[in-house]
Amino acid sequence: MTTRIAPWRAAIDPDVLREYDAFGPWIYPVRTAAEMPRRFRDHYSDLAAAEWLLKIPRELDRGQVRPGDDLYRSVVAVFDDRLTLLHAATPNEGEVEQKDVRFAEVVGFSASENLLQGHWTLLLRDGGRVTIAHSATSADLMAKVAGFVRERIVGAERPLPDAGVQPAEHLFKGRLLALGRQFGSALPLHVDPRNIPCRTGRGWPRLSTGAMIVATAAELVIVNRGEATRPVFMPNYAVGTVELPYERLDSFTLRSPARWSSFQELALRAGEQEYVQPFLNAPDAVVAHLRRIGLPELA
């Protein structure tokens with residue numbers, strides 16, 4: 001039996017056809033110049049030595065693309081001391097934006113998923129944030145990249161409290177088990193409930209989405225569902241994790257609820273970067289832990 005090749009395929013450059021055949025929502029590693037998206041190929045020699053060199057696809061359905069289309073919107077190169085992000089400035093032109101981030105500037109990172117949409121974000125000391133949007137199908141790969149970065153930004157370990165609390169909700173239980181496998185020791189300090197009637201600063205009635213704060217030896221880890229509230233009749237499928245190494249934090253503040261709001265706010269600062277996590281219930285154990293490790297508390 002002979003395999004017949006469609007005439008239109010025989011007329012296409014093999015590298016172009018290979019890229020077209022492989023295209024989907026997945027993040028692929030780049031190992032050769034031929035695997036580098038054409039828009040970014042001139043940069044390959046500068047990035048080839050990266051520990052991770054990845055290409056991020058555009059959000060296009062398979063039926064929308066044709067061989068030769070511009071299929072990848074970003075390339076990420078992760079070196080031992082920095083990350084370089086190349087981004088397609090426009091869909092159809094050759095412009096490329098480049099962002100270089102040294103790990104010395106990174107004070108934490110977050111990863112979130114909402115159904116098939118994923119976001120991985122570096123938090124920078126100057127207050128900026130570098131976000132890589134991707135399909136949630138590649139969340140495991142981005143978790144490996146996060147582990148590589150984590151090894152380069154965490155500092156000295158700190159003693160954990162003697163006791164914590166245990167989450168009752170399945171999502172938080174699962175995340176806690178995963179954090180325990182990842183870090184060896186992960187102690188939940190605070191769990192905020194979900195589906196509790198509450199109000200935001202605008203006073204509108206909503207439901208809480210819940211949050212969990214976990215202490216590891218070197219980081220404070222926040223597990224949440226994106227926004228702290230949701231409309232009463234709308235579901236919420238978001239889940240996110242924020243990792244803040246103690247060594248990179250400068251101070252914290254616990255703020256009282258604003259008028260018409262049900263939520264206190266824990267503000268964690270590193271340089272000009274401020275991460276704020278709302279809480280329905282006072283996170284007393286979290287505050288006690290931050291005081292215990294010597295993190296300054298600002299009014």
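Two aromatic rings, taken from Phe, Tyr or the six-membered ring of Trp, are said to form a pair if their centres lie within 6.5 Å of each other, and with that in mind we can start on this structure, which is a predicted model. The structure holds two aromatic pairs, and I would like to walk you through one of them. The rings of F109 and W120 have centres 6.1 Å apart and planes at 35°, so this pair is called tilted, given that planes under 30 degrees apart would count as stacked and those over 60 as edge-to-face. Because F109 lies in strand β6, residues 106–114, while W120 lies in strand β7, residues 117–124, the pair ties together parts that are 11 residues apart in sequence.

Are these two residues buried or exposed? F109 has a relative accessible area of 3%, and is therefore buried, and W120 counts as buried too, with a relative accessibility of 2%.

Rings can also have a charged group over them, and here I can show you two examples. R152 lies over the face of F148, at a distance of 3.6 Å from the ring centre, and in the other example the charged end of R225 sits over the ring of F172, 5.1 Å from the centre of that ring. Please keep R225 in mind, since we shall come back to that residue when we reach the pocket.

Let me turn now to a sheet. Strands of a sheet pair through backbone hydrogen bonds, and they may do so either parallel or antiparallel. In this model there is an open sheet of three strands, in the order β10-β11-β14, and the pairing is antiparallel. Why is one side of β10 and of β14 left without a neighbour in the sheet? These strands stand at the edges, each with a single partner strand, and so one side of each has no neighbour there. Strand β11, residues 205–208, is joined to β14 by two bridges, and S208 has T229 in β14 as its bridge partner.

At the edge strand β10, which covers residues 197–199, we find P197. This proline counts as exposed, because its relative accessibility is 65%, and exposed means over 50%. Leaving out residues up to four places away in sequence, P197 touches R206 and L207. P197 and S262 are 65 residues apart in sequence, yet their C-alpha atoms are 9.2 Å apart in space.

Next comes the empty space. The largest pocket contains about 800 Å³ of space, and among the 43 residues that line this pocket, those closest to its centre are N224, R225, G226, E227 and A228. So here is R225 again, the residue whose charged end sits over the ring of F172. Strands β6, β7, β8, β14, β15 and β18 each supply at least two residues of the pocket lining.

A search of the whole structure also finds two cavities of 30 Å³ or more, and the largest of them has a volume of about 70 Å³. Of the 14 residues that line the largest cavity, D192, G210, A211, A228 and P278 are the closest to its centre, and strand β18 provides the largest share of the lining, namely three residues.

Finally, let us step back to the whole chain. The protein chain has six helices and 18 strands, and buried residues make up 45% of its 299 residues. Its C-alpha atoms fill a box of roughly 70 × 45 × 40 Å along the principal axes.

How values were computed: Residues numbered from 1 in each chain as written. Predicted model: local features only at pLDDT ≥ 70, side-chain atom pairs only at ≥ 80, totals over all residues. Heavy atoms only, no water. Helix = DSSP H or I, 4+ residues; strand = E, 2+ residues; numbered from the N terminus. Buried < 20%, exposed > 50% of the residue type's maximum accessible area, 1.4 Å probe, protein only. Lys NZ or Arg CZ within 6 Å of the ring centre and 35° of its normal. Contact = heavy atoms within 4.5 Å. Pairing = 2+ DSSP bridges. 1 Å grid on protein atoms, 1.4 Å probe; cavity = no way out; pocket = protein on both sides within 12 Å on 5 of 7 lines; lining within 4 Å. Points joined across faces, edges and corners; volume = space filled by probe spheres on them.
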